[in-house]
Amino acid sequence: MANFTFKDIVGQEMIKEQLQGAIANNKVSHAYIINGENRSGKEFIAKIFAQTLLCEKGETDPCCECPSCQKAMSGNHHDIIFVSHEKPNTIGVDDIRDGINDTVFIKPYSSNYKIYIIQEAEKMTPQAQNALLKTIEEPPEYAVFILLCNSIDMILPTILSRCVVLNMKPVKDEQMREYLMKDMMVPDYRAEICVAFARGNVGRARSLASSEDFDKIRTDALSLLKNIYDMEIVEIMEALKKIKEYSFDINDYLDIMAVWYRDVLLFKATHDMNHLVFRDEIQNITKVASRTDYEGIEEVIDALSKAKSRLSSNVNYELTMELLLMTIKEN
Ligand SMILES: [Zn+2]
């Protein structure tokens, strides 16, 4: 991690206010939950908060220079502990015992705080949560627990009642655009696509903006959408194989398609090209917008999200994509 401070967190004003306020007023809680979708930046916030708590300057932003900050930035701070788990899809009671309960009463090495960060906290079994609860109920003075989770429904009410819950909010398009163009030096035509694709999620915007395959993916997805009406099944299946070769997530590929279809829908409704993401594709957008009725466009958008959920529940890739592309072809 480079020299990041609270100022580098895009959006999330409420969370920043709350965490920095707690530090300023000396009212840091023992337990926090940062709740929000994957890639929205929860871990980034947790790391900055932890680094600030341990910083030797003791201010509301980390100095990024003291020995403690240096250690935190290199990921080697003894008093910032990432609780790991052995099985990928579940955090069991042993993970909590080994990772937290067995060491929590050992005082911090060099700081006033000892911070435990639990990633994917929604994966804790009820037994694991009960084991954690015992510690959160009577924590040593110096302990701070930060639970990162993407669905708060999985957390027991007994835990929730002892945590300060911080909910991640979608970042405004305007703010996202500025971040991409100023901080990430993304050119404007590309930023526009990333913003639409990200829907308020910084990590999604970053992954698309920084993907080496960006131009390839964009070109391929659009050429598929352009030509699909004239393609034979064999050609479509050939295109499918190509999609699979990207280092990029297939869901993201589908999302780019969805952005394009939202453009089609928007253009059909308004005949205004100024608000389109793929303005440079106006000819093709006009073509599809005039040949497809509203129902058809919605059917395709619907099919795109269905394909995503099928793939995430491990339905056969070829079958799912074939169904999707047939729906596109028919509309
Ligand atoms: Zn420092």
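Four cysteine sulfurs bind the zinc ion: C55 (SG), C63 (SG), C66 (SG) and C69 (SG), at 2.3 to 2.4 Å. Donors here are N, O and S atoms within 2.8 Å of the metal (3.2 Å for Na, K and Ca), with water not among the atoms, so sites may look incomplete. This is a predicted model: local features need pLDDT of at least 70, side-chain atom pairs need 80 or more, and totals for chains, interfaces and linings use all residues. Numbering starts from 1 along each chain as its sequence is written, and side-chain values use heavy atoms, without hydrogens or water.

The zinc site is tetrahedral, with angles of 103 to 119° among its four donor atoms; the class requires all angles between 85 and 135 degrees. Donor spacing in sequence is C-x7-C-x2-C-x2-C. C55 sits in the loop between α2 (42–54) and α3 (67–74), while C69 lies in helix α3, 14 residues apart. Both C55 and C69 are buried (under 20% relative accessible area, 1.4 Å probe, protein chains only).

Two pockets follow.

| Pocket | Volume | Lining residues | Closest to centre |
|---|---|---|---|
| Largest | about 660 Å³ | 29 residues | S40, G41, K42, E43, F44 |
| Second largest | about 260 Å³ | 18 residues | L53, C55, G58, N112, Y113 |

A pocket is an open set of points on a 1 Å grid where a 1.4 Å probe fits, with protein on both sides within 12 Å along at least five of seven lines; lining residues have an atom within 4 Å of a point. α2 gives the most to the lining of the largest pocket, five residues. In the second largest pocket, α2 and α3 each supply at least two lining residues.

Notes: Tetrahedral: all angles 85-135°; square planar, octahedral: opposite > 155°, others 65-115°. Helix = DSSP H or I, 4+ residues; strand = E, 2+ residues; numbered from the N terminus. Buried < 20%, exposed > 50% of the residue type's maximum accessible area, 1.4 Å probe, protein only. Points joined across faces, edges and corners; volume = space filled by probe spheres on them.
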